[in-house]
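Thanks, everyone. I would like to take a few minutes on the model now coming up on the screen, and I will go through it one contact surface at a time.

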Amino acid sequence: MKPVFTVTEGMLPVSTSYCPGCTHGVAHRIIMETLDEMGLLGNTIGVAPIGCSVVAHQFMNVDMCEAAHGRAPAVASGIRRVHPDKVVFTYQGDGDLASIGMGEIVHAAARGEKFSVFFINNGIYGMTGGQMAPTTLVGQRSTTCVDGRTVEQAGMPLRISELLATLDGPAYIERVSLDSPARIRAAKKAVRKAFEYQIAGKGFTFVELLSTCPTNWGLTPPNAMKRMREDVCAYYPLGVYKDTGKEAE
Amino acid sequence: MSEKVLMKGNEAFAEAVIRGGVRFYFGYPITPQSEIPEFMSRELPKRGGRFLQAESELGAINMAYGCGAAGGQGFISSSSPGIALMQEGMSFLCGAEVPVTLLNVSRGGPGIGSIQPGQADYNQVTRGGGNGDYRIPVFAPASIQEAVDILYEAPSIADKYRNPVMVLADGLMGQMMEPVMLPEEKHAFTSEEISTAKPWAISGSKKGTRSVVKSLRLQPEVLEEHVEHLFEKYAVMEKELERVECEGLEDAEVVFVAFGTMARLAREAMELLEARGIKAGLIRPISLWPYPYSAFDQLSPKTKAVVSVELSMGQMLQDINLGVKGRVPVRLIHRVGGMLPTSIEVVEKTKKILEEVR
């Protein structure tokens, strides 16, 4: 009998520690399935951030290290110098990448570092219990803005893909969303393209994956998906922000 | 092949670590060590290595962590405020047991302080400015030759213990020129050799031999066991890495304790004192951690005072007192802010101290 589905060897056979309805599991799986399909599992080094996904190395079946809060792009730059022929990626949340790690991500992108960044944007600090992030939407409640984020106090949320797309270093930047099967398939294509560009030596590749945090959003998993599809995607438009491969065609 | 050349301190330091096997440099410009990144940017690409100018000291230490975790022999140089910015990273490297060689060409503080030589990083480097229980061996050479010899050996020490190793020089040593014998270049690991030489490193795994480098241990009993393991390792390092040089202790009326360039000044003062009929000795800690406490057991019954000569407000006094154990009075001769005492100044202050304790 021909199997119609097999679990990827890219994910270790353990339960994840993520909350019900959180899309970290989906993001992990599409990245690791892609590496598996491309035959890269024995050839890849990953960097986990500080945040809920600090434990990504317990689930992703490749060589991995943790990085201090926000420093994953610097760590990956060091790894890349030692192993120029391996596939290197970082997996970072929005508190990690868009707040404390802004210096590292901007400079890694500007240098055109040849690794891939998977940016999990759920607009809140998950691990520490739901505080406001630089990506929290205006009006969105968090434990450090209980009446909702205001522009007067915290300014407007940062759009990282658009910001990095102003630089010359990145080869590919795309924002995707994990809110439906069709969009998850599209997200997986973006992940694959990032790895393909990295292997081709085109430069820095960056995929922003809009994600849910039902626990800290105070929503059920279906309502969290609905909010992401409607409110989050409205402020963070999906699409390709940079594609040097396409520009060259 | 080894060779004798006249070199500026900072450039000799850089050449020494390359010969010691380092192929990766990460750094951010800061006075008085900027000749080192300049030298590395010229030399490393020619010798099969990589130079990367970081966006900040935070970037530099974390690049070095990535490099070390991936099995590379990395090197970072900086100066006091830059070292302060790297302390989170040093704690992380110790927790994750990742090797790196660090050089601190220290200057004055607190804050931005000055760019003149200082030794007020003593507490920062021996007590650790980062969080948690950890230790970093620190060596304080007193000549460019000694710095070259230690920096040549440092990458191997870091690899042996899977721990950062620091060399503490000061702005004087970085900027002066001395003749040095450069040792023969060691073999540097290629990226292909890493997976067999360092199976723990994240080198891009073959299936079944996955490596994880981390410092997070959320379960209390697991973290406790890990910290106990680190301190068993540090106990071995304390035995194997302690280094000290003692001179003229047997009949000394006064014993100076000094490291780095201040040890050279203390030696000059010893000669001047001898001409004035006062016998002085010297304990020169070469390793500041582990500190050579046992050297103080060699103090003679003739010794009336132990005097620390430091470019700080006496940061080494705590360690000296732990070594002296109350046997004789301990005093301090110091200058700070980038000011240096003259040997005559040390002689005069020593005579006063002796009058006071007699």
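In this predicted model, chain B is divided by the domain assignment into domain 1, covering 3–241, and domain 2, covering 244–357. The centres of these two domains of chain B, taken over C-alpha atoms, are separated by 29 Å, and the contact between them draws 27 residues from domain 1 and 21 residues from domain 2.

On the side of domain 1 of chain B that touches domain 2, the elements giving two or more residues are α6 (122–127), β6 (138–139), β7 (164–170), α8 (171–175) and α10 (220–241) of chain B. Of that side, α6(B) supplies the largest share, with 4 residues. By residue class, the same side of domain 1 of chain B divides into 17 nonpolar, 7 polar and 3 charged residues.

Let me turn now to the other chain. Here 37 residues of chain B are in contact with 29 residues of chain A, and the elements of chain B that each supply at least two residues to the side touching chain A are β2 (24–27), β3 (50–53), α3 (57–69), α5 (87–96) and β9 (212–213). The element that gives the most to this side is α3(B), with 9 residues, while the residues of the side as a whole divide into 16 nonpolar, 14 polar and 7 charged.

Which strand of chain A pairs with β9(B)? It is strand β2 of chain A, residues 63–66, which pairs with β9(B) in the parallel sense over 2 bridges; within β9(B), B:V213 is the bridge partner of A:C65.

Definitions and conventions: Residues are numbered from 1 along each chain as its sequence is written. Chains are lettered from A and ligands numbered from 1 in the order in which they are written. This is a predicted model: local features need pLDDT of at least 70, side-chain atom pairs count only at pLDDT 80 or more; totals for chains, interfaces and linings use all residues. Two residues are in contact if their C-beta atoms, placed from the backbone, lie within 7 Å. Ala, Val, Leu, Ile, Met, Phe, Trp, Tyr, Cys and Pro count as nonpolar, Asp, Glu, Lys and Arg as charged, and the others, Gly among them, as polar. Two strands pair if DSSP finds at least two bridges between them. Domain bounds come from an automatic or database domain assignment.
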